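Student: Could you take me on a close look at the ligand site in this model? I would like to know what surrounds the ligand and which atoms make contact with it.

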Amino acid sequence: MRESARTAFSLALRARPAVLAATLFLTVVEALIPVAAAWLTARLVDGLTRGESTLTGYASALAACGILAALLPYLQRLAQGELARAVARQAQNRLFRAVTAQPGLAWYENPDRLTQLRQAQDCGQHAPTDLLDCAMALVRSALTLLGFAAVLIGIHPLLAVLVAVGTVPKLLAEIRVARARAGAVHGLTAHQRREVFYMMLLADAPGAKEVRLFGIGDLLRRRMMAQRHAADRERLRLDVRALLLNGLPTVITAGVAAGGLLWAVGRVRDGALSVGELTLVVTAIAAVQSTLGTLVGAVANGHQHLLVFRAYTELVTAPPVLTTREPARPIGPLRGAVELRDVWFRYGPDHPWILRGVNLRIAAGESLGLVGVNGAGKSTLIKLLCRFYDPERGSVRWDGTDLRDIRPEALRERLSVVYQDHMSYEMTAAENIGLGDPERAHDQRRVAEAARRAGIHDVLAALPAGYRTMLSRGYFGESGKDDGVVLSGGQFQRLALARSMMREDRDLFVLDEPTSGLDPLAQAEVGRLIHHHGAGRTRVLVSHRLSEIRDADRIAVLADGRIAELGTHEHLLAVGGHYAAAFRSQAAGFQLDGV
Ligand SMILES: Nc1ncnc2c1ncn2[C@@H]1O[C@H](COP(=O)(O)OP(=O)(O)OP(=O)(O)O)[C@@H](O)[C@H]1O
């Protein structure tokens, strides 16, 4: 809790200190106005009943209080709005800096953490300012309370004590409600995440085809609404609980107010209080009670915001899931080999082993073909080469250095990879390629050269705005017009290839199914490009098309979590194992077609 409070207030302090100071000042003024107004009213009423003629000063001061009270909300809205926006910006920036600083992928494979992230996104936007509002409300209430408590003590100290004690049950009830609400946020956010998942399927273009073809729109909508209903039921349960917990304390508070009023009326009748003092008592009891109510609400809300904000604090202060042993070792150009030594890997303690003692040496300058049936673990092995995960046993080594001793960012600087599930960014064509090397993305000649190598230059040059064309129908391009274009699957694949070509000077070039979506001619063309472009460079090529693999210096077959076969195409054919069977089966298919 203390850590959450520190994080929240430091965000608010750093965002806009001047605006924060102005907000504090306005809060103090706002707190003192009601006390001043009540005191001036009592003086005015008593002056009028005594028939005094010099009351203009009190009346003018009262009018000034009124004007100030009317203007204050606007001034406060201006200051608080600006402060809230600045704090939300800073909170979002810090949160996503923390998220992108996580070097591994396991971080994303934890539903609780993803729910926490969603919760942190939500509460990061408003919790710091809400907390600040609570703190301001506390200051305001405390000041107003002190003023009116002094009035009540002046009339009868017991009256002040009674009014204050009458509020204690309400404070306790509100804190219990706040705890219950904070405790429910994680569950509610989990429902929301699932609801948003269904919502996106229904609202976004990528899901539109299958949703319509399979006629699953109603099914998905019902599931979306079920999540909504579940969340709303929980909210209703919390509201009912709040009502039940607050019922009796509210009656006690109202009883104390009624008692105080009756007592004051009796004192006026006895001549112990003036009419002006009666108005002061009535105003003071009502004000003390409502201010105590605000104070209680501020304490309870602050407590709730702090509990909810814990998700944000935990995320921004969380250590990386993937750690590098210190002191980290530098990584140089690949001279010897990248090596997997007895690598065992699974995605979690409850998951099956994917790699069971893989030994593989990829020598510098060598091209290695990696094959295996679906699910054999080829992409997993590549993820280990990129150090998105660490092996559970064994090691991956770069020129003999364990990757656990090398900072992931430094390692990735030396890699160029086309993933099987590559991205298509809803940005311009030039940006889609330039992202491969952001520092050189402005170099349009380099971007065009990368596109040329991937065989996509002519397509991009012919787009309505050439390389500046937005590759999306969901956003306007630079022209501000709806002239975006969606490329075909194969064209997007070439674009991913072009992106990797921006990193041509890297040491290790990895291609995971880079031509799966291409037509046969394009496959052959891209295959040639890869061979030509990568000649002499260390390459790993994963493909189910063995004709693409056969020219590799060596071919490794992954089966049952191990390297089952390793050698040249000719050697593996001679061995007559998995590779030979798969190759003959593919070749037979072509022969049957008479090709
Ligand atoms: N993030 C993950 N969490 C849990 N299991 C995973 C994860 N990613 C992959 N797997 C599992 O690991 C196994 C190997 O997957 P991988 O993607 O490495 O296979 P592959 O050889 O590349 O397959 P394909 O030829 O179909 O691309 C599969 O059984 C898959 O279900």
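Tutor: Here is a walk around the ligand, followed by a short look at the nonpolar core. Keep in mind that this is a predicted model.

Let's start with the shell. There are 16 residues around the ligand, and E109, G377, K378, S379 and T380 come nearest. Helix α10, residues 378–385, gives the largest share of this shell, with four residues. Sorted by class, the shell holds eight polar, five nonpolar and three charged residues.

Now for the polar contacts, which involve both backbone and side-chain atoms. K378 places a polar side-chain atom 2.7 Å from an oxygen atom of the ligand. For G377, a backbone N or O atom lies 2.9 Å from a ligand oxygen. G375 also takes part through its backbone, with a polar atom 2.9 Å from an oxygen atom of the ligand. As for cover, the ligand taken alone exposes 640 Å², and the protein buries 67% of that.

Let's turn to the largest nonpolar core, which has 40 residues; those touching the most other members are I433, L460, Y467, L487, L495 and Y579. Several elements give two or more residues to this core, among them α12 (429–434), β7 (508–512) and α19 (578–592). Its largest share, six residues, comes from α15. Because domain 2 (333–414 + 506–594) and domain 3 (421–504) both give residues to this core, it lies between them.

Definitions and conventions:
Residues numbered from 1 in each chain as written. Predicted model: local features only at pLDDT ≥ 70, side-chain atom pairs only at ≥ 80, totals over all residues. Heavy atoms only, no water. Near = heavy atom within 4 Å. Polar contact = N/O pair within 3.5 Å; in protein donor to acceptor, adjacent residues only side chain to side chain. Areas by Shrake-Rupley, 256 points an atom, 1.4 Å probe, with all protein chains shown as cover. Nonpolar A, V, L, I, M, F, W, Y, C, P; charged D, E, K, R; others polar. Core = buried A, V, L, I, M, F, W, Y, C linked by side-chain atoms within 4.5 Å. Buried < 20%, exposed > 50% of the residue type's maximum accessible area, 1.4 Å probe, protein only. Domains from an automatic or database assignment.
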